[in-house]
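Reader: I am new to this structure and would be grateful for a close look at a single part of it. Please describe that part together with its surroundings.

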Amino acid sequence: MVEIIVESLTLKELFDKQQTLVIPEYQRPYVWTPKEINKLLGQFKQHQERTDDKPLFYLGSIVLHKKDNSLEIIDGQQRLTTLQILSVIKSNSDFGIKYSHPISLKNIKSNHRHFSNNNYETIDLDSINVTIVIVESEDLAYSFFETLNTGGKRLSGTDILKAHHLRSITKIAERNKYAYNWEERQRNLETVNKLLAKARRIDYLKPKNIPDKFASAENWKNVLTEDFAENIGKEKLDIGYSLVEIEENTHRIISNKYSIRQPLNEGKNYINYLMSFSNAYNAIFDTKNREDFYSKFNNKMIEQIDGTVDLRSFYQLCLLCFVDMFGTNNMIEFSLWLFRHIFSLRLNEQSRIYEPTVRNYVDNTKIIERIFHAYNYQEIITYLKEYKTTEIKINGSQVKQRFFNKCCDFFSLDNPSEANFDEKLKIKIEEIVRIHKDEI
């Protein structure tokens, strides 16, 4: 029987316990800013100003995993670290929690500097009440962690996935290595996870609902944990699936080891899968400091948003799917023809472009499925070249005219008009591909 201990006590009583409080290596770092800290201080001050027979200030629940003679903080790190910072400033009282993560150390130092230069009331640890939940099972500890609401900066779906998969890696040195690599890529992982979930859910055999751009963080959290934690294998096998060309008893792997829609196992398999596509995402879309033709195209035509944010979202999804299938060797050619295909919506008769418009377009043309079902990249390129775009109708729209002019300038189109724009663009794309095809 799994032992669970639930206690109600003051913070001072918690810190007076003989067991050391520890931050597991695979926990997310300390991320609170003065905004979240001031909110907590404001709540405490408001509570202290009450004149009735008030109870102790309730800080919430703290989930701890009992491991040997220490207590690992599973949920509550942000609040406890914040109070340790404030206590050190006011009374030089250290709770003994140690930190090693560089992001945690940076944010602790920043908050210490900020509040050392600002006045605030001393917080009496005897006046703060917490509920501690101590469990001996790490799995149960994380069940609490994944379901509890926390104050300040809430956990994202990717934070939940990090904890879920790292804790399934049993070797400490290996777990720490994966935790470090995760934090190195932290910046784009939520975006990459959402793109992967979309590509997996836009499946005409097994379609699933995809949150729109107005969906709440909680909605996306549920999608990501369902797709990448609840509904994946429990085996420890790190298996990849990739497209292979076979000719005269030889074979050549076209793309990277992992495939977007492949089955996944928890732990290393999912983490390696995510990191593989994080690398691909950075190589494809992080082009600000690069000067090659593709980067200029991405910086000036894709990243410069003027009524095209929803078009860009699905363009990036399609491009990531192409690289998944066929690698980056022919990415310039595909990206240009894909641009013509998807961004042609910007110049058709509709006055504005909305996300449902783009989604319907992607569904009707089945561009994602065409990419995944193509045997080679020429098959999808041929489809894009032969695709007939809708007639251009600017109709006096300043936004459309700006986009029309931007396209003409970037592609150096000669005497373009609404009637001949597409034919001239196709000719220019062929010319650019001949010149720059081998750059990537």
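**Helix H2 and the sheet beside it**

Author: In helix H2, the buried residues are Glu36, Ile37, Leu40, Leu41, Phe44 and His47. These residues lie on the same side of H2, because they cover an arc of only 135° around the axis. The model under discussion is a predicted one.

H2 itself comprises residues 34-48, that is, 15 residues. From its first C-alpha to its last, H2 reaches 20 Å, which is close to the 21 Å expected at 1.5 Å a residue. On the face turned away from the buried side, H2 carries the exposed residues Lys35, Lys39 and Gln46. Gly42 also belongs to helix H2. With a relative accessible area of 35%, Gly42 is partly exposed, since a residue counts as buried only under 20% and as exposed only over 50%. Gly42 and Tyr120 are 78 residues apart along the chain, and their C-alpha atoms are separated by 9.7 Å.

What, then, do the buried residues of H2 pack against? Their partners are two strands, S3 and S5 (128-135), and two helices, H3 (77-91) and H4 (102-116). H2 lies across S3 and S5, and runs at about 125° to S3. Helix H3 packs on the sheet as well, where H3 touches S3, S4 and S5. The direction of H3 makes about 110° with that of S3.

The sheet deserves a description of its own. Five strands form this open sheet, in the order S1-S5-S3-S4-S2, and their pairing is mixed. At the edges stand S1 (4-10) and S2, each of which pairs on one side only. On average, neighbouring strands of the sheet are turned by 35° against each other, direction ignored. In general, the strands of a sheet pair through backbone hydrogen bonds, either parallel or antiparallel.

Strand S4 shows how the pairing works in detail. S4 consists of residues 70-75 and is mostly covered, with six of its six residues buried. On one hand, S4 pairs with S3 (residues 57-67) in the antiparallel sense, over five bridges. Within this pairing, Leu64 stands opposite Ile73 of S4, and His65 stands opposite Glu72 of S4. The hairpin of S3 and S4 has two residues between the strands, and there Asp68 takes a positive phi near 60°. On the other hand, S4 is joined to S2 (residues 20-22) by three bridges, and these two strands run parallel. Here Val22 has Glu72 in S4 as its bridge partner. Glu72 is thus the residue in S4 that stands opposite His65 and is also the bridge partner of Val22.

To return to the starting point, the buried side of H2 packs against S3 and S5, among others, while Lys35, Lys39 and Gln46 lie exposed on the face turned away from it.

How values were computed
Residues numbered from 1 in each chain as written. Predicted model: local features only at pLDDT ≥ 70, side-chain atom pairs only at ≥ 80, totals over all residues. Heavy atoms only, no water. Buried < 20%, exposed > 50% of the residue type's maximum accessible area, 1.4 Å probe, protein only. Helix = DSSP H or I, 4+ residues; strand = E, 2+ residues; numbered from the N terminus. Pairing = 2+ DSSP bridges. Expected span 1.5 Å × (residues − 1). Arc of directions from axis to C-beta. Contact = heavy atoms within 4.5 Å. Axes fitted to C-alpha atoms, helices over the stretch in contact; angles between N-to-C directions.
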